[in-house]
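Me: Got a few minutes to go through a model with me? I'd like to talk about charged pairs first, then some backbone oddities.

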Amino acid sequence: MSTTSENFLQELPIKALKAKKENISYFKKLKKRTPKNLDYVVQDLHDKEFERTDCMTCANCCKTTSPMFFSNDISRIAKHLRMKEQKFMETYLERDEDDCYVLKSAPCTFLDERDNTCFIYDIRPKACAEYPHTNRKKFIQLTDLTVTNTSVCPAAYNIVESLKKAIPLSNTPRKFRDKN
């Protein structure tokens, strides 16, 4: 599997910011004329991208952002750590501006930065397990989140760039960017 170059990771927020307006416009048009096979197309692009992308060489999501922790996640992880849920929340979590539970700090407390492994991988939050959410059904409902994720996840960025080629829309600027 290929590795994500350090240069690409450093350039990613800038590339994603430059593409943001175009991507928002693209997804707005795609919502108006959503192809029936969109989920299949995106799933195929996702599968192809993750054949060449190894998250363990990147872990940028773990280093820069926090997943949302839902009550099931909190219960499961606290039990695994042999902590009371309240103590787990006090120790590791805070509420964000949307009143959701997120980690107090980045990088993730549970990430071993020496090798990008996760201490709680088998019981990680649902949001981590599903990240970058490009293989979920009803993808069209996740386009805002996907645009946000393009600035953090090289795979999400590449999937969106590939999607614009796979389903080109008229009146969409044809400024396709190089993938990493």
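Me: Which residue forms a salt bridge with Asp-73?

Reply: That's Arg-76, and the closest N and O atoms of the two are 2.8 Å apart. Keep in mind that this is a predicted model.

Me: Where do Asp-73 and Arg-76 sit?

Reply: Both are in helix 4, which covers residues 71-80. They're three residues apart, about one turn of the helix.

Me: And is Asp-73 buried or exposed?

Reply: Buried, because its relative accessibility is 2% and the cut-off for buried is under 20%. Arg-76 is partly exposed, with a relative accessible area of 30%.

Me: How many salt bridges does the count come to?

Reply: Eight. Another one of them pairs the side chains of Arg-52 and Glu-49, at 2.6 Å from N to O.

Me: Where do Arg-52 and Glu-49 lie?

Reply: In helix 2, residues 38-52. The spacing there is three residues, about one turn of the helix.

Me: What about exposure, starting with Glu-49?

Reply: Glu-49 counts as buried, at 1% relative accessibility. Arg-52 comes out at 32%, so that residue counts as partly exposed.

Me: OK, and Glu-161, which side chain does that one meet in a salt bridge?

Reply: The side chain of Lys-164, with 2.9 Å between N and O. Glu-161 and Lys-164 are three residues apart in helix 8 (residues 154-166), so about one helical turn separates them.

Me: Is Lys-164 buried or exposed?

Reply: Lys-164 is buried, with a relative accessible area of 1%. Glu-161 counts as buried too, at 1% relative accessibility.

Me: Which residues are joined into one network with Glu-161 and Lys-164?

Reply: Glu-22 is in there with them, through salt bridges that share partners.

Me: Why would side chains like these pair at all?

Reply: In general, side chains of opposite charge can pair when their charged atoms come close.

Me: Fair enough. Switching to the backbone: what kind of peptide bond joins Ala-106 and Pro-107?

Reply: A cis one, with omega at about 0°. Pro-107 is in the loop that runs between strand 2 (101-103) and strand 3 (111-112).

Me: And the bond from Tyr-131 to Pro-132, cis or trans?

Reply: Cis, with omega near 10°.

Me: Where does Pro-132 lie?

Reply: In the loop between helix 6 (126-130) and helix 7 (143-149). His-133 is found in the loop between helix 6 and helix 7 as well, and it has a positive phi of about 70° although it isn't a glycine.

Me: Is His-133 buried or exposed?

Reply: Buried, since its relative accessible area is 7% and buried means under 20%.

Me: What's the phi of Arg-82?

Reply: Positive, at about 55°, and Arg-82 is not a glycine either.

Me: Where is Arg-82 found?

Reply: In the loop between helix 4 and helix 5 (85-92).

Me: And is Arg-82 buried or exposed?

Reply: Exposed, because its relative accessible area is 81% and the cut-off for exposed is over 50%.

Me: Give me a quick recap of the backbone bits?

Reply: Sure. The cis peptide bonds we covered are Ala-106 to Pro-107 and Tyr-131 to Pro-132. The positive phi values are at Arg-82 and His-133.

Technical notes: Residues are numbered from 1 along each chain as its sequence is written. This is a predicted model: local features need pLDDT of at least 70, side-chain atom pairs count only at pLDDT 80 or more; totals for chains, interfaces and linings use all residues. Side-chain values use heavy atoms; hydrogens and water are left out. A salt bridge is a side-chain nitrogen of Lys or Arg within 4 Å of a carboxyl oxygen of Asp or Glu. Helices (H or I, at least four residues) and strands (E, at least two) are DSSP runs, numbered from the N terminus. Buried means under 20% relative accessible area, exposed over 50%, partly exposed in between (1.4 Å probe, protein chains only).
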